[in-house]
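Hi,

Here is the structure I said I would pass on. Have a look at it first, and then read my notes underneath.

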Amino acid sequence: MESYALLIAATLNAGTVLAIAALGLLINEKAGIVNLGAEGMMLCAAIAGFATVVHTGSDLLGFGAGMAVGALMATIFGGLVIWLNTNQYATGLALSLFGAGFSAFAGIAYVQEKIPERESFDIPGLSDIPLVGPALFKHHPLVYLTIVFALALIWFLYKTRSGLILRSVGESPESAHGLGYPVRKIRLLAVMVGGALCGLAGAYISVIYTPLWVEGIVAGKGWIALALTTFATWRPARVLLGAYLFGGVTMLQFHLQGAGVDIPSQFLSMLPYVATIVVLALISRNPRWIRINMPASIGKPFYPGS
């Protein structure tokens with residue numbers, strides 16, 4: 001039973017990375033912008049967060065540095081696709097490639113560095129409950145804050161005027177513009193918030209999830225986060241559940257290896273990505289369902305006055 005508790009704990013930890021990034025990308029797409037640069041932003045944020053913690057010893061400053069780098073890269077992306085109307089997909093891919101290369105270059109000096117050991121995170125009283133305590137109540141505070149943020153995002157998108165405006169910009173930017181809303185500024189703000197969240201996810205990887213730096217440490221999690229938004233049909237609660245599902249698949253490979261299951265390790269390493277492809281293929285079988293849930297202007301440029 002203890003091994004199952006450890007698997008659940010690892011699932012929540014791995015799912016948190018995907019949830020933070022996917023919720024940020026969800027905000028982008030609700031505003032009509034697709035950012036394929038998530039992987040690159042997360043990589044640059046990971047090295048920025050790790051380097052900051054190495055020099056300062058502060059996790060909070062590391063998270064702040066990661067968010068700042070993510071927001072900066074997203075701002076550059078937003079300026080290109082929102083004001084200069086460059087192709088969103090090509091620009092996002094370029095950002096991802098740039099992030100992979102730049103993070104590898106910037107991280108050379110930090111490959112052998114170590115960050116200070118931190119005390120374990122326990123919720124007094126609850127963490128001592130047999131099985132349940134180790135599974136649910138011994139996580140970094142950001143694990144719980146991610147759940148709170150997902151709930152807050154649901155409230156914001158569907159219960160507030162600002163959320164309605166954001167969704168209207170993604171559904172019909174021409175109508176929003178006609179009503180006097182600054183569509184481009186709203187989209188840029190959404191892109192910056194999404195970038196900051198991707199940056200936070202990247203910093204969480206290198207500071208908490210696997211506290212070290214190696215080239216390519218994000219290992220495709222940015223692409224899985226992108227797929228999660230479609231998997232969840234652009235709903236925050238489903239993003240959260242999907243993140244834990246994919247996190248569980250990721251951790252299952254280590255659980256099976258530890259249990260001595262005679263399956264090639266290469267096949268187990270493929271599981272998260274195979275699961276992503278299978279889920280997207282199944283969802284794509286019903287294009288009408290996708291059209292109903294997908295923001296109408298997603299991926300399309302906006303031309304004021306058109």
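Below is what I found, place by place.

One thing before you start: this is a predicted model, so please read everything here in that light.

Let me begin with helix H9, which covers residues 183–209. Serine 206 sits in that helix, and its relative accessible area is 0%, so the residue is buried. What does its side chain find in there? A polar atom of the serine 206 side chain lies 2.7 Å from the backbone oxygen of alanine 46. Leaving out residues up to four places away in sequence, serine 206 touches Ala46, Phe50, Ile115, Pro211, Leu212 and Ile217.

Glycine 202 is also placed in H9. With 0% relative accessibility, glycine 202 counts as buried too. Its contacts, once neighbours within four places in sequence are set aside, are Met42, Ala45 and Ala46. So Ala46 turns up in the contact lists of both serine 206 and glycine 202. If you want a distance to check on screen, try glycine 202 to isoleucine 47: the C-alpha atoms are 8.2 Å apart in space, while the two residues are 155 apart in sequence.

Next, the cysteines. How many disulfides does the structure hold? The count is zero. Cysteine 44 is in no disulfide, and the nearest cysteine sulfur, which belongs to cysteine 198, is 12 Å away. A disulfide needs the two sulfur atoms within 2.5 Å, so at 12 Å this pair does not qualify. Seen from the other end, cysteine 198 is likewise in no disulfide, with the sulfur of cysteine 44 as its nearest at 12 Å. Are these two buried or exposed? Cysteine 44 has 4% relative accessibility and so counts as buried, and cysteine 198 is buried with a relative accessible area of 0%.

Now to histidine 139, in the loop between H5 and helix H6 (141–159). Its relative accessible area is 7%, under the 20% cut-off, so histidine 139 is buried. The histidine 139 side chain reaches the backbone oxygen of alanine 135 at 2.9 Å. Beyond four places in sequence, histidine 139 touches Ala9, Leu12, Phe121 and Tyr144.

On the surface, there is a nonpolar patch of about 430 Å², made by Ile8, Leu126, Ile129, Leu131, Val132 and Leu136. One of its members, valine 132, lies in helix H5 (residues 132–136). Valine 132 has a relative accessible area of 38%, which lies between 20% and 50%, so it is classed as partly exposed.

Last, two backbone angles to look at. Asparagine 85 has a phi near 55°, a positive value in a residue other than glycine. You will find asparagine 85 in the loop between helix H3 (59–83) and helix H4 (88–106), and it is partly exposed, at 22% relative accessible area. Threonine 233 is not a glycine either, yet its phi is positive at about 50°. Threonine 233 lies in the loop between helix H10 (221–231) and helix H11 (236–258). Here the relative accessibility is 1%, so threonine 233 counts as buried.

That is everything I have for now. Shout if anything is unclear when you open it up.

Cheers

Terms used: Residues numbered from 1 in each chain as written. Predicted model: local features only at pLDDT ≥ 70, side-chain atom pairs only at ≥ 80, totals over all residues. Heavy atoms only, no water. Helix = DSSP H or I, 4+ residues; strand = E, 2+ residues; numbered from the N terminus. Buried < 20%, exposed > 50% of the residue type's maximum accessible area, 1.4 Å probe, protein only. Polar contact = N/O pair within 3.5 Å; in protein donor to acceptor, adjacent residues only side chain to side chain. Contact = heavy atoms within 4.5 Å. Patch = residues over 30% accessible without salt bridge, like charges linked within 9 Å, V, L, I, M, F, W, Y side chains within 5 Å. Areas by Shrake-Rupley, 256 points an atom, 1.4 Å probe, with all protein chains shown as cover. Salt bridge = Lys/Arg side-chain N within 4 Å of Asp/Glu carboxyl O.
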